[in-house]
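Visitor: I am new to this structure. Please take one part of the chain and go through it closely, after a short look at the whole.

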Amino acid sequence: MSSKRRDSEKSENGDGKKKKTVRVWVDGCYDMVHFGHANSLRQAKAMGDYLMVGVHSDAEVSRHKGPPVMNEEERYKMVRAIKWVDEVIEDAPYITTLETLEKYDCDFCAHGDDITLDENGKDTYRIVKGAGKYKEFPRTAGVSTTDLVGRMLLLTKSHHKRSDDGSEDGLQRDRVDQFKKGMGASGASKSPYTGVSQFLPTTQKIIQFSEGREPQPGEKVVYVAGAFDLFHVGHIDFLEKVRQLGEYVIVGLHTDQVVNRYKGSNYPIMNLHERVLSVLACKYVAEVVIGAPYKVDADLLNHFKVDVVCHGQTPVMADVDGSDPYLEPKNRGIFHSVKSDNDMTTDKIVQRIIKHKLEYEERNKRKEAKELRIIEAMERRKSQSTES
């Protein structure tokens, strides 16, 4: 099987000769998929030509890490929708073995430079590392599932793109920090992999995630707008349906302040810069408008030469002046209401987190305790080698 697959996946290089397709294996839980997960897959794909992603089942995740927030079918679908993924392997083993690489004809396994441990506190990549079949890329700084959970449970707004006064930022940031300490293993010792650092958006990161192409002649341009907060399977199913209406999908992302006006509480959970990268990683999306106007007016439609405007089944709040934000596309006869057939919402994810708060806290405490033991052991070995 391997030789046939290799032959079928050979491609020509510059001098006309055939070159072997490099097949890369990555695996993980991919729970509450965010732009950090997407960036890891982007980096892994850059190491080869064909990216295979193994996603662990609910049973495997629960056994080695603790119960996931999203179920396995939801996690499989999320990973399949990321633009750099070529193939998803369901129910992948938690401990990566040479047999797995051989079964799927992969040249090596790739993973971020953080620690992943099994139920016994051992490195899940120890086998492929020992065999020289392992490559590493930098973990995405400034993003953590723990931080996102803290925002949901503590109803903070400090993650929003800061307004001019920023009066509550310090207090609310402290509340999130206290939450993370409560989820930690002990005192001041913190694992750098379970905690979080500040996310610093750059133009380079947006370029890396962007498709970077203009609509081609004859392609139908479709525009959708919204928060797309905690980018989830409901969004995926909606955008897949939208993509069927045109070849070039543009997503307009509202600012944090606009989203908070129509969603209330501490929404959006993810700030504008985080939402931009999450949406850009989706294979159904060609372009993103950062801080799109709430009203879809003639200027926007003409600028992007929009053929179709879509909105889901959720209610639409009137603009600040009381007008229908979709009046212009409706007058043009290009407005479509799209039913995703998926009832997942950002609110439902938040409710899952709240319902299982104690389980999630315990999961993170166990995870961080294992990581700290490994880090301390590594530091001791390093100290001993220095002394000798």
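Guide: Among contacts in the protein chain between residues at least 6 apart in sequence, 78% join residues at least 24 apart; a contact here means heavy atoms within 4.5 Å. This is a predicted model, in which local features need pLDDT of at least 70 and side-chain atom pairs count only at pLDDT 80 or more, while totals for chains, interfaces and linings use all residues. Residues are numbered from 1 along each chain as its sequence is written, and side-chain values use heavy atoms, with hydrogens and water left out.

The whole comes before the part. The protein chain has 16 helices and 12 strands; these are DSSP runs, numbered from the N terminus, with helices (H or I) of at least four residues and strands (E) of at least two. Of its 388 residues, 49% count as buried, where buried means under 20% relative accessible area, exposed over 50%, and partly exposed in between (1.4 Å probe, protein chains only). The accessible surface of the protein chain comes to about 18,800 Å², and carbon and sulfur atoms hold 49% of that area. Such areas come from the Shrake-Rupley method with a 1.4 Å probe, and for residues only the protein chains shown count as cover.

The part to look at begins with strand β8 and runs on to helix α10. Strand β8 covers residues 221–226, and V221 belongs to this strand. V221 counts as buried because its relative accessibility is 4%. Leaving aside residues up to four places away in sequence, V221 touches P215, Y248, I250, F304, K305, V306, D307 and V308. One of these partners, F304, lies 83 residues from V221 along the chain, yet their C-alpha atoms are separated by 7.9 Å.

After β8 comes a loop that leads to α10 (233–243), and F228 sits in this loop. L230 is found in the loop between β8 and α10 as well. Most residues other than glycine have a negative phi. F228, however, has a phi near 50°, a positive value in a residue other than glycine. L230 also has a positive phi, of about 50°, although it is not a glycine. Both loop residues are covered: F228 counts as buried because its relative accessibility is 6%, and L230 counts as buried at 6% too.

Next is helix α10 itself. Of the 11 residues of α10, 8 are buried, so the helix is largely enclosed by the rest of the structure. The buried residues are V233, G234, H235, I236, D237, F238, L239 and V242. What covers them includes β8, along with α4 (72–80), β9 (248–253), β11 (308–311) and α15.

Helix α15, part of that cover, also leads to another covered helix. The axes of α7 (residues 145–154) and α15 (residues 346–355) come within 10 Å and cross at roughly 90°. That makes α7 roughly perpendicular to α15. Axes are lines fitted to C-alpha atoms, for helices over the stretch in contact, and angles run from 0 to 180 degrees between N-to-C directions. Angles under 35 degrees count as roughly parallel, over 145 as roughly antiparallel, 65 to 115 as roughly perpendicular, and the rest as oblique. V149, M152 and L153 in α7 meet V350, I353 and I354 in α15. The residues of this contact between α7 and α15 divide into 6 nonpolar, no polar and no charged. In this sorting, Ala, Val, Leu, Ile, Met, Phe, Trp, Tyr, Cys and Pro are nonpolar, Asp, Glu, Lys and Arg are charged, and the others, Gly among them, are polar. Helix α7 is mostly covered, with 9 of its 10 residues buried, including T145, D147, R151 and the three that meet α15, V149, M152 and L153.

Back along the chain, beyond α10, is helix α11, where D256 is placed. D256 counts as buried because its relative accessibility is 1%. D256 and N271 are 15 residues apart in sequence and 6.2 Å apart in space, C-alpha to C-alpha. The loop between α11 (256–263) and α12 (272–280) holds P268. A cis peptide bond, with omega about 0°, joins Y267 and P268, whereas most peptide bonds are trans.
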